2 protein chains.
Amino acid sequence: MARKPASVNRKEEIVSAAVEVFAEVGYYPATTAKVAERAGISQPYIFRFFATKEDLLAEALVVSFRRMVEAFTAVIGQAETETLEPELVGAYIRIMESHRSEILLQMQAQAMVEPRIVGIMQEGFREVRTLIEGAFRQAGIDKPKQRTLIFLARGMLCNISMSLDLPDLMEEEDV
Amino acid sequence: MARKPASVNRKEEIVSAAVEVFAEVGYYPATTAKVAERAGISQPYIFRFFATKEDLLAEALVVSFRRMVEAFTAVIGQAETETLEPELVGAYIRIMESHRSEILLQMQAQAMVEPRIVGIMQEGFREVRTLIEGAFRQAGIDKPKQRTLIFLARGMLCNISMSLDLPDLMEEEDV
DNA sequence: CATTAATAATTGATCAATCAATAATTAATT
DNA sequence: AATTAATTATTGATTGATCAATTATTAATG
């Protein structure tokens, strides 16, 4: 077989492929062979970069939380007090559109029991929560804790609405 | 091996065992052997009642939604308008306490892609949503659609808080 | 030519599902 | 009532497939 030319980003390419495949078929049913195929490399070569499939999942989750935190941080850095919350909502919607697979993967991980994965999810949630609440408080928004809870809760329902293809779930206009 | 005496509830016993085991280790990593052990029967005997492991999952999910709908229906049938919403919240919390595993299983299924499972989840969510919104509307609660969304959203965040052991996530008292 | 990047081939374990056999129960027959 | 026949409930043993992970090789690069 013709060999693939070397790449500096091999590791990132594998993570991106993994996120997609894990989201498409589910982490457990997903095979490392499929991930490799998506990344355009051979299956064993994944294990040059990740000791186990779970390591790969862990890295994918860390990346997805990092992206989210960076997106929110950018908004917080430049939004006016009045528009802060809707802009954070907007940022989340943009992530859901541009990185749907990462959200789908996070959803899977929310129900996993592997201690390592639980730890990463705890850390990710705590970081996001702290960031949002701090921003609300900073902006002088009333009842920041409560507003943060509602913000996160809506996000989680929004995920389900997307994953199960139930747009009605997010309808809120009472006429 | 000494045979187990016949039981009329075999099927329900298997479903209950499956819910527990699926919740404890995850649906995919869970083996039919573990489910059988929990149910106190032999592994192959599961397949007398369920053609596939997925069939068993499907039945478990249907059961879990039925329980939830029944609990909410009972509250709706007897609650005063003023206390309707808090009582529905109370009913949900009681389910989370008494049937934690069913909630954990629903969470897993929220991110699954198997068409059959997606269908069951869609139907379950739609039924719950319709039930709650109808009750809010019936009770003359203002903005029933919006209130339903918030109710469901809180429920979903509450699930995550439970599954990831992050009680802080549901703290809402601003002092 | 030595090092690094990559693949091919293989393995060992796991598990859903099948199949054939047996224990328990019920029904029929004396 | 005892005996037998038929049916149902349940298990033991096995299989065929799948897959993460390892090892041994080969191609590229500087």
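**Figure 1. The residue that follows helix 8 in each chain of the predicted model.** In chain A, Asp165(A) comes just after helix 8 and takes a positive phi of about 55°. In chain B, Asp165(B) lies in the segment after helix 8. Asp165(B) is not a glycine, yet its phi is positive, at about 55°. Asp165(B) has 10 other C-beta atoms within 10 Å. A residue counts as exposed if 12 or fewer such atoms lie within that distance, and Asp165(B) is therefore exposed.

**Figure 2. The loop that leads into helix 8 of chain B.** Lys143(B) is placed in the loop between helix 7 (115–138) and helix 8 (144–163) of chain B. The phi of Lys143(B) is near 50°, a positive value in a residue other than glycine. Inside 10 Å, Lys143(B) has 13 C-beta neighbours, and so it counts as partly exposed. That class lies between the limit for exposed residues, 12 or fewer neighbours, and the limit for buried residues, 20 or more.

**Figure 3. Helix 8 of chain A.** This helix has 20 residues. From its first C-alpha to its last, helix 8 of chain A reaches 28 Å, close to the 28 Å expected at 1.5 Å a residue. The helix is mostly covered, with 14 of its 20 residues buried. Helix 8 of chain A also supplies 12 residues to the side of chain A that touches chain B, the largest share of that side.

**Figure 4. The contact between chain A and chain B.** The contact takes 38 residues from chain A and 38 residues from chain B. In chain A, helix 1 (10–25), helix 6 (100–110), helix 7 (115–138) and helix 8 (144–163) each supply at least two residues of the side that touches chain B. By class, this side of chain A has 23 nonpolar, 6 polar and 9 charged residues. Of the interface residues of chain A, 100% are also interface residues in chain B, so the copies meet through the same surface.

**Figure 5. The rotation axis that relates the two chains.** A turn of 180° and a shift of 0.0 Å along the axis lay chain A on chain B with an RMSD of 0.0 Å. The two copies are thus related as by a two-fold rotation axis. Among the residues of chain A, Ala153(A) comes closest to this axis, with its C-alpha at 2.4 Å.

**Figure 6. The largest nonpolar core and the surroundings of Phe22(A).** The largest nonpolar core has 100 residues. Those that touch the most other members are Ala18(A), Phe22(A), Leu157(A), Ala18(B), Phe22(B) and Leu157(B). Not counting residues up to four places away in sequence, Phe22(A) touches Tyr27(A), Ala30(A), Leu57(A), Ala60(A) and Leu105(A).

**Figure 7. The fold of chain A as the setting for the close-up views.** Chain A has 8 helices and 0 strands, and its pattern along the sequence reads α-α-α-α-α-α-α-α. Its C-alpha atoms fill a box of roughly 60 × 35 × 30 Å, taken along the principal axes. Of the 175 residues in chain A, 37% are buried. Among contacts in chain A with a separation of 6 or more, 57% join residues 24 or more positions apart.

Key. Residues numbered from 1 in each chain as written. Chains lettered and ligands numbered in written order. Predicted model: local features only at pLDDT ≥ 70, side-chain atom pairs only at ≥ 80, totals over all residues. Least-squares fit on C-alpha atoms with pLDDT ≥ 70 in both. Contact = placed C-beta atoms within 7 Å. Helix = DSSP H or I, 4+ residues; strand = E, 2+ residues; numbered from the N terminus. Nonpolar A, V, L, I, M, F, W, Y, C, P; charged D, E, K, R; others polar. Expected span 1.5 Å × (residues − 1). Core = buried A, V, L, I, M, F, W, Y, C linked by C-beta atoms within 7 Å.
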